[in-house]
Amino acid sequence: MTVLKSIVLFALAALAEIGGAWLVWQGVREHRGLLWMGAGVIALGVYGFVATLQPDANFGRVLAAYGGVFVAGSLLWAMLMDGFRPDRYDVTGALICLVGVAVIMYGPRGG
């Protein structure tokens, strides 16, 4: 159950951070205005809070592993929201990152 909780929290964190960054991008780069930027800043704050809910108490481990989730999640977000089509190198790189997440977060730890 702890691994499932961790995976759900990583997904929620990715949604908040990537979504927040995308909203700020839209507000600034696409000239959508302050409401978009403000919503993005709030979402980025939510990301910071969600990350603290991870069962593992080691900040460095959680943040390092989240980096891999961010890579894969960013490509997925771009596909869904911007019509981006990843090539085989994008997909391969994202899969490598997710394997890294699994090793960092869920690998057996010796005493």
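This is a guided tour of the structure, helix by helix and then through its pocket, its cavity and an aromatic pair.

**The whole chain**

Begin with the full view, keeping in mind that this is a predicted model. Colour by secondary structure, and the protein shows four helices and zero strands, which read along the sequence as the pattern α-α-α-α. If you orient the C-alpha trace on its principal axes, the spans are about 55 × 35 × 20 Å.

**H1 against H2**

Select helix H1, residues 2-29, and then add helix H2, residues 34-51. Two packed helices are described by the angle between their axes and the distance between the axes. Here the axes of H1 and H2 come within 7 Å and cross at roughly 160°; an angle over 145 degrees counts as roughly antiparallel, and H1 and H2 are therefore roughly antiparallel to each other. The crossing of this pair, H1 and H2, is left-handed. Show the side chains where H1 meets H2, and the contact divides by class into 18 nonpolar, four polar and one charged residues.

**H1 against H3**

Keep H1 displayed, hide H2, and bring in helix H3, residues 59-82. The axes of H1 and H3 come within 9 Å, with a crossing angle of roughly 60°, and that angle makes H1 oblique to H3. Viewed for handedness, H1 passes H3 in a right-handed crossing.

**H1 against H4**

Now exchange H3 for helix H4, residues 88-106. The axes of H1 and H4 come within 12 Å and cross at roughly 130°, which makes H1 oblique to H4. The crossing of H1 and H4 is right-handed.

**The largest pocket**

Turn on a surface and look for the largest pocket, whose volume is about 290 Å³. To centre the view, select Phe10, Ala11, Ala14, Val69 and Gly73, which are the closest to the centre of this pocket among the 16 residues that line it. Which helices each supply at least two residues of the lining of the largest pocket? They are H1, H3 and H4. If you colour the lining of this pocket by class, you will find 15 nonpolar residues, one polar residue and no charged ones.

**The largest cavity**

Switch next to a clipped view, since a surface seen from outside is of little help for this stop. A search of the whole structure finds one cavity of 30 Å³ or more, and the largest cavity has a volume of about 40 Å³. Select Leu9, Phe10, Ala13, Tyr47, Ala51, Gln54, Val62, Leu63 and Tyr66 to display the residues that line the largest cavity. H1, H2 and H3 each supply at least two residues of this cavity lining. By class, the lining of the largest cavity consists of eight nonpolar residues, one polar residue and no charged residues.

**An aromatic pair**

For the final stop, keep Phe10 and Tyr66 selected from the cavity lining and hide the other side chains. A search of the whole structure finds five aromatic pairs. A pair of aromatic rings is described by the distance of the centres and the angle of the planes. The ring centres of Phe10 and Tyr66 lie 6.4 Å apart and their planes are at 15°, so the pair is stacked. With Phe10 in helix H1 and Tyr66 in helix H3, 56 residues apart, the pair links distant parts of the chain. Phe10 thus appears at two other stops of this tour, being among the residues closest to the centre of the largest pocket and also one of those that line the largest cavity.

How values were computed. Residues numbered from 1 in each chain as written. Predicted model: local features only at pLDDT ≥ 70, side-chain atom pairs only at ≥ 80, totals over all residues. Heavy atoms only, no water. 1 Å grid on protein atoms, 1.4 Å probe; cavity = no way out; pocket = protein on both sides within 12 Å on 5 of 7 lines; lining within 4 Å. Points joined across faces, edges and corners; volume = space filled by probe spheres on them. Nonpolar A, V, L, I, M, F, W, Y, C, P; charged D, E, K, R; others polar. Axes fitted to C-alpha atoms, helices over the stretch in contact; angles between N-to-C directions. Parallel < 35°, antiparallel > 145°, perpendicular 65-115°, else oblique. Left-handed = near helix turned anticlockwise from the far one by under 90°. Phe/Tyr/Trp six-rings, centres within 6.5 Å; stacked < 30°, edge-to-face > 60°.
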